[in-house]
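This report describes one protein structure for a reader who has not seen it before. Please look at the sequence and the model first.

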Amino acid sequence: MVPALRYIRGACGPALGGFPGGFSSAGRPAPGRSWPLCQGGRPASTRSFDVVVIGGGIVGLASARALILRHPALSIGVLEKEKDLAIHQTGHNSGVIHSGIYYKPESLKAKLCVQGAALIYEYCKQKGISYKQCGKLIVAVEQEEIPRLQALYERGRQNGVQGLRLIQQEDIKKKEPYCRGEEVQCQYVVTCAGLYSDRISELSGCNPDPRIVPFRGDYLILKPEKCYLVKGNIYPVPDSRFPFLGVHFTPRMDGSIWLGPNAVLAFKREGYRPFDFSARDIMDVIIKSGLIKLVFQNFSYGVNEMYKACFLSATVKHLQKFIPEITVSDILRGPAGVRAQALDRDGNLVEDFVFDGGVGDIGNRILHVRNAPSPAATSSLAISGMIADEVQQRFKL
């Protein structure tokens, strides 16, 4: 039996094909199979499905893939409000596959990131997808960062991350000749462009959860003639108060070097430009979440991030702590992404993935992905397995 999957988008067109085992790129039919969405004069949206996945981002697609592989007799639909897949957070990212070092031991992020990274490596090999294993340095540039770096090292070991080691200043140049630091944690990760991205798409087609706060992340791009300054991923020691990793150096598969992202409040849920604004979106966030408390608790941090977003010289000054040779004339403004970050009513950023179900006749047939920012893309194949398990148990498939 041919697995029944339909990809329904904002306009009639070809469905996503190529199952089981893989996806084609951004809404184009995979070789060998495609399904028309508008047959017999009936709009695709009126068709009946056994399971519907809302959101054509990476987690939604991975979940559909997992379900169709486990239950090939079921008809499964993927609903996406845009005309293509992966338009939003999935398609605006650095392209890094994370290893799981940053996350609290025993958390879903820690478990699923480590599992997901291994699954993605395997997927790359099976599908012949190119990737670049260029390594990562997490760099302490101030003496007071060294204890946090050592704690991060221990956290990575608890999470089962492989290939971790602490190196001293004299070893930095062996990895990154132009990088400076007090002490460095050396960790190997994979940069992979063209397979997965670093963010999850919002659940399209549903009313946005008012406790989700959008944070915009702006990237800078190192000019080609200066790309020799960076060989692998260079990351700062993250601020433990926030689930953001800090501005970092990321080599891409095309040879370019991205710098960023920062983390500033976006004034629109899909606001990729600095002056994008939606009164409705921002009022929802202000009234129905703990944003005001978050702002007051972290006012100086927020102002500093906004200042660096506006003035390249401020961002460059920060980057020079790692590579002093970089100047303002060496960088260009690049793309931006928006992170959908859950925030509780006390103004605390929710650090872990959150999944739950509804209640009532309709609600008990729904499984929600409530909070799945980075590293959702790295974790996507592991998340999809967990979702498939929960769907099978909850819905008695």
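The text below goes from the whole protein to two helix contacts and then to some single residues.

This is a predicted model, in which local features need pLDDT of at least 70 and side-chain atom pairs count only at pLDDT 80 or more, while totals for chains, interfaces and linings use all residues. Residues are numbered from 1 along each chain as its sequence is written, and side-chain values use heavy atoms, with hydrogens and water left out.

**Overall**

The protein has 10 helices and 16 strands. Helices (H or I, at least four residues) and strands (E, at least two) are DSSP runs, numbered from the N terminus. Of the 397 residues, 52% are buried. Buried means under 20% relative accessible area, exposed over 50%, and partly exposed in between, with a 1.4 Å probe and protein chains only. The protein exposes about 18,300 Å², and carbon and sulfur atoms supply 53% of that area; accessible areas come from the Shrake-Rupley method with a 1.4 Å probe, and for residues only the protein chains shown count as cover. Among contacts in the protein with a separation of 6 or more, 73% are between residues 24 or more positions apart. Contact means heavy atoms within 4.5 Å.

**Helix α7 and its neighbour α8**

Helix α7 covers residues 299-310, which is 12 residues, and reaches 17 Å from its first C-alpha to its last, close to the 16 Å expected at 1.5 Å a residue. The expected span is 1.5 Å times one less than the number of residues in the helix.

Which residues of α7 are buried? They are Glu305, Lys308 and Ala309. Seen down the axis of α7, the buried residues fall within an arc of 105°, so they line one face of the helix. The arc is that of the directions from the helix axis to the C-beta atoms. An α-helix has 3.6 residues a turn, so residues three or four places apart point the same way. On the face of α7 turned away from the buried side are the exposed residues Phe299, Ser300 and Cys310. The cover over the buried residues of α7 includes β9 (212-222), β13 (264-265), α8 (312-319) and β14 (331-342).

Tyr301 is also in helix α7. Tyr301 is partly exposed, with a relative accessible area of 22%. Not counting residues up to four places away in sequence, Tyr301 touches Asp239, Arg241, Phe242 and Phe244. The C-alpha atoms of Tyr301 and Val264 are separated by 9.9 Å, although these residues are 37 residues apart along the chain.

The axes of α7 and α8 come within 5 Å and cross at roughly 110°. This makes α7 roughly perpendicular to α8. Tyr307, Lys308 and Cys310 of α7 make the contact with Leu312, Ala314, Thr315 and His318 of α8. Axes are lines fitted to C-alpha atoms, for helices over the stretch in contact, and angles run from 0 to 180 degrees between N-to-C directions. Angles under 35 degrees count as roughly parallel, over 145 as roughly antiparallel, 65 to 115 as roughly perpendicular and the rest as oblique.

In α8, the buried residues are Ala314, Thr315, Val316, His318 and Leu319. Their cover includes β9, β11 (248-251), β12 (257-260), α7 and β14.

**Helices α2 and α10**

The axes of α2 (residues 108-127) and α10 (residues 376-395) come within 6 Å and cross at roughly 100°. These two helices are therefore roughly perpendicular to each other. Residues making the contact include Leu112, Cys113, Gly116 and Ile120 of α2 and Thr378, Leu381, Ala382 and Met386 of α10.

Leu381 lies in helix α10 and is buried, with a relative accessible area of 9%. Leu381 and Cys113 are 268 residues apart along the chain, and their C-alpha atoms are separated by 9.4 Å.

**Backbone exceptions**

Most residues other than glycine have a negative phi, and most peptide bonds are trans. The table lists some exceptions.

| Site | Backbone value | Place |
|---|---|---|
| Gly260 and Pro261 | cis, omega about 0° | Pro261: loop between β12 and β13 |
| Ser374 to Pro375 | cis, omega near 10° | Pro375: loop between β16 (367-371) and α10 |
| Ala86 | positive phi of about 55° | loop between β3 (75-79) and β4 (96-97) |
| Glu106 | positive phi, near 75° | loop between β4 and α2 |

Ala86 is partly exposed, with a relative accessible area of 25%, whereas Glu106 counts as exposed at 61% relative accessibility.
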